[in-house]
Amino acid sequence: MNPEIPKLREKLKRKLSKSRYEHSLSVSFTCICLAMRYEYPLDRAELAGLMHDCAKCYEDEEILKRCEKHMVPVSQEERMAPAVLHAKYGAWLAREHYGVEDPEILGAIACHTTGKPGMGTLDKILYIADFIEARRDKAANLNQMRKLAFEDLDEALYQILKGTLEYLEGKGCFVDPLTRVTYEYYERRR
């Protein structure tokens, strides 16, 4: 176990709301389970899961201001859907304020809301764990995705991306283009 994880848990517990902290713990435990299944280093998966929402202590507009202040690049599309920015700002915050240096962990945190083409194992584990963690209960196909996540990581990623797009489009929500690009990338590889 990474000796920094208990310290980081304490810091996050003070910064995040109780429900967001519980979600972060649950995602980290789900990341560990998926890492065991897919033979990925457990401590790295745990740390990514724990830190993935470290910027969620701020409202969307505050995150946007902080991104601008710290020169974290923000696209016009992200300005239209600022809820996805907590991932990018979270990666910056994890590095600058929490001391996370592993580029693979930081990259997984940065893409956990939209995904990205060519995701690595940790990227996929975190993206999926955030969707299937035990406290989630909203998605219509959640039980199937939980099962699929332990059978075929790539297929689970594809199905979650597909379901997310269908849900957002069905609600008439703006979809960050990176989510669509990511979905199309994985659709071509099926």
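# Briefing: helices, core and salt bridges

M71 is exposed, its relative accessible area being 74%. The model described here is predicted. In this model M71 sits in the loop between α4 (60-69) and α5 (76-80). M71 has a positive phi of about 55 degrees, although it is not a glycine. The points below cover a second loop residue with positive phi, two helices, the nonpolar core, one buried arginine and the salt bridges.

**Loop residues**

- E39 is not a glycine, yet it has a positive phi of about 55 degrees.
- This residue, E39, comes just after α2, in the loop between α2 and α3.
- E39 is exposed because its relative accessible area, 76%, is over the 50% cut-off.
- A139 lies in the loop between α8 and α9.
- With a relative accessibility of 28%, A139 counts as partly exposed.
- The C-alpha atoms of A139 and H86 are 21 Å apart in space, and the two residues are 53 apart in sequence.

**Helix α2**

- Helix α2 covers residues 18-37, and its 20 residues should span 28 Å at 1.5 Å a residue.
- The end C-alpha atoms of α2 are 29 Å apart, which agrees with that expected span.
- The buried residues in α2 are Y21, H23, S24, L25, S26, V27, S28, T30, C31, I32, L34 and A35.
- The cover over these buried residues of α2 includes α1, α3 (42-51), α8 (121-132) and α9 (142-149).

**Helix α11**

- Helix α11 (residues 177-188) has twelve residues and should span 16 Å at 1.5 Å a residue.
- Its end C-alpha atoms are 17 Å apart, in agreement with the expected span of α11.
- T179, T182, Y183, Y185 and Y186 are the buried residues of α11.
- Viewed down the axis of α11, these buried residues fall within an arc of 160 degrees, so they line one face of the helix.
- What covers the buried residues of α11 includes α8 and α10 (153-170).
- The N-terminal end of α11 is capped by D176, which has a side-chain oxygen 2.8 Å from the backbone nitrogen of L178.

**Nonpolar core**

- The largest nonpolar core has 60 residues.
- Within that core, L12, L34, M51, Y89, L93 and I128 touch the most other members.
- One of these, L34, is also listed among the buried residues of α2.
- Apart from neighbours within four places in sequence, I128 is in contact with L34, A149, L153, A156, L157 and I160.

**A buried arginine in α1**

- R9 is located in helix α1 (residues 5-15).
- R9 has a relative accessible area of 19%, so it falls under the 20% cut-off and is buried.
- Not counting residues up to four places away in sequence, R9 touches M1, Y21, L25, F29, E46 and L50.
- Among these contacts, Y21 and L25 are buried residues of α2.

**Salt bridges**

- The count of salt bridges comes to 17.
- E22 and R135 form a salt bridge in which the closest N and O atoms are 2.8 Å apart.
- Because E22 lies in helix α2 and R135 in the loop between α8 and α9, this pair ties together parts that are 113 residues apart in sequence.
- E22 counts as partly exposed, at 25% relative accessibility.
- A salt bridge also joins the side chains of R136 and D130, with an N to O distance of 3.0 Å.
- R136 is partly exposed, with a relative accessible area of 34%, whereas D130 is buried at 12% relative accessibility.
- The side chains of E155 and R190 meet in a salt bridge at 2.7 Å, N to O.
- That pair links distant parts of the chain, with E155 in helix α10 and R190 in the segment after α11, 35 residues apart.
- R190 is exposed, and its relative accessible area is 55%.
- A network of salt bridges links R44, D102 and E104.

Conventions. Residues numbered from 1 in each chain as written. Predicted model: local features only at pLDDT ≥ 70, side-chain atom pairs only at ≥ 80, totals over all residues. Heavy atoms only, no water. Helix = DSSP H or I, 4+ residues; strand = E, 2+ residues; numbered from the N terminus. Buried < 20%, exposed > 50% of the residue type's maximum accessible area, 1.4 Å probe, protein only. Contact = heavy atoms within 4.5 Å. Expected span 1.5 Å × (residues − 1). Arc of directions from axis to C-beta. Polar contact = N/O pair within 3.5 Å; in protein donor to acceptor, adjacent residues only side chain to side chain. Core = buried A, V, L, I, M, F, W, Y, C linked by side-chain atoms within 4.5 Å. Salt bridge = Lys/Arg side-chain N within 4 Å of Asp/Glu carboxyl O.
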